[in-house]
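Below are some notes on the model you sent round. They cover the overall fold content, one helix pair, the aromatic rings and one loop residue.

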Amino acid sequence: MAKYSIIVPVFNRPDEVDELLDSLTRQTVKDFEVVIVEDGSKVPCKDVVEKYTGQLDVRYFNKPNGGPGPARNYGVERATGEYVIILDSDVVLPDGYMKAVDDSIRENPCDAFGGPDAAHESFTDIQKAISYSMTSFFTTGGIRGGKKKLDKFHPRSYNLGVRREVYNKLGGFSKMRFGEDIDFSYRILENGYTTQLYPDAWVWHKRRTNLDKFFKQVFNSGIARINLTKRHPGTLKLVHLLPMVFTVGVILLIVAAVVLRLLALNPDMGECFCKGFPLGKTHIGWWTLPLLPVILYILMVFIDSSIKNKSLVIGYLSVKAAFVQLFGYGFGFITAWWKRCVLRKDEFSAFEKNFY
């Protein structure tokens, strides 16, 4: 019986599964089994998995589509390891990942753990930009970037490990439409179990491959935050409000700039609204003042990403990704607040058509 059971839910991603399994063959610690759960895919990965049967202790299961949470539970039910490690199908592991997990558990044991993610040099520019956006201080406050000192670390399902005994006692992932991994992390802590961040147990995470898919992902993350707050009162923190504040703030600044521009183009109207402060031709540039905070933010993201990624192109794409992330999350948050808190709809009827 292996010490670790790696559970991977899959939906229409055979190429990604191939890369993940290939990276598992190169691990220096071999004491693990792999459980692939095909979640009703139209493009199955069974043939891909069968290529590795002689190289890995790997098993393949196919079930009707039910979402990633139930697929993970299905896999854990069939696992044998002392620990289960949940991975997304779009991650690739560095050669030392399993050794880092094994060493960290011996040195700093806990009931559940997780690690950071990063962008591989082979990723596309847009994937690197999205990775920057998801881990940067200027977008998420760095909460997903792998800090070493966190009082309560909440592992995410792209790289999450837990004792199988604890997983079973908690009933695994819930049937939440969004945010089921954070809900699971909250329940781990609420039931008195311990979590740890293992900084050396990091993965390469492809995330979404274009900005449209990224917007849908973060929009649903904004929805999830309200649903999580409903399930776990008191968990809403200031950092969770920042994307919504950013979204509303940028919209208001743009509206203010448009109003000032109209006043500048109509001096008589400007005199009427701003007595003693004419907005005629000599003051035509004043209308841009509300946009200065937005311009400053764009410059900070562009410079920071360009330096970290050593690419002006990725710096430019990171600006786009940052706005997609913050606006997507912000609009999702506002939408969920309106439907759940104002209209008082339940979690499922409010978002019947929203799926990843």
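1. Contact here means heavy atoms within 4.5 Å. The model is a predicted one. With that cut-off, Ile126, Ile130, Ser133 and Met134 on the α5 side meet Leu211, Phe214 and Val218 on the α9 side. By class, the residues of this contact are six nonpolar and one polar, with no charged residue.

2. Two packed helices are described by the angle between their axes and the distance between the axes. For helix α5 (residues 125–135) and helix α9 (residues 211–231), the axes come within 11 Å and cross at roughly 25°. Angles under 35 degrees count as roughly parallel, so α5 is roughly parallel to α9. The crossing of α5 past α9 is right-handed.

3. On the chain as a whole: the secondary structure consists of 13 helices and 10 strands. The chain has 356 residues, and 51% of them count as buried. Among contacts with a separation of 6 or more, 79% are between residues 24 or more positions apart.

4. How many aromatic pairs does the structure hold? There are 17. One of them is Phe246 with Phe327: the ring centres are 6.1 Å apart and the planes stand at 85°. Planes over 60 degrees apart count as edge-to-face, so that is the class of this pair.

5. The Phe246–Phe327 pair links distant parts of the chain, with the two positions 81 residues apart in numbering. Phe246 belongs to helix α10 (residues 238–265), and Phe327 belongs to helix α13 (residues 312–342). Phe246 and Phe327 are both buried.

6. Phe246 and Phe327 are also part of a cluster linked by ring pairs. The other members of that cluster are Tyr297, Phe323 and Phe331.

7. Asn108 sits in the loop between α4 (97–107) and β6 (112–114). Is Asn108 buried, exposed or partly exposed? Its relative accessibility is 34%, and partly exposed lies between the 20% and 50% limits, so Asn108 counts as partly exposed.

8. Which residues does Asn108 contact, leaving aside its neighbours within four places in sequence? They are Gln196 and Tyr198. Asn108 and Gln196 are 88 residues apart along the chain, and their C-alpha atoms are separated by 8.1 Å.

Key. Residues are numbered from 1 along each chain as its sequence is written. This is a predicted model: local features need pLDDT of at least 70, side-chain atom pairs count only at pLDDT 80 or more; totals for chains, interfaces and linings use all residues. Side-chain values use heavy atoms; hydrogens and water are left out. Axes are lines fitted to C-alpha atoms, for helices over the stretch in contact, and angles run from 0 to 180 degrees between N-to-C directions. Helices (H or I, at least four residues) and strands (E, at least two) are DSSP runs, numbered from the N terminus. Angles under 35 degrees count as roughly parallel, over 145 as roughly antiparallel, 65 to 115 as roughly perpendicular and the rest as oblique. A crossing is left-handed if the near helix is turned anticlockwise from the far one by less than a right angle, and right-handed if clockwise. Ala, Val, Leu, Ile, Met, Phe, Trp, Tyr, Cys and Pro count as nonpolar, Asp, Glu, Lys and Arg as charged, and the others, Gly among them, as polar. Rings of Phe, Tyr and Trp (its six-membered ring) pair if their centres lie within 6.5 Å; planes under 30 degrees apart count as stacked, over 60 as edge-to-face and the rest as tilted. Buried means under 20% relative accessible area, exposed over 50%, partly exposed in between (1.4 Å probe, protein chains only).
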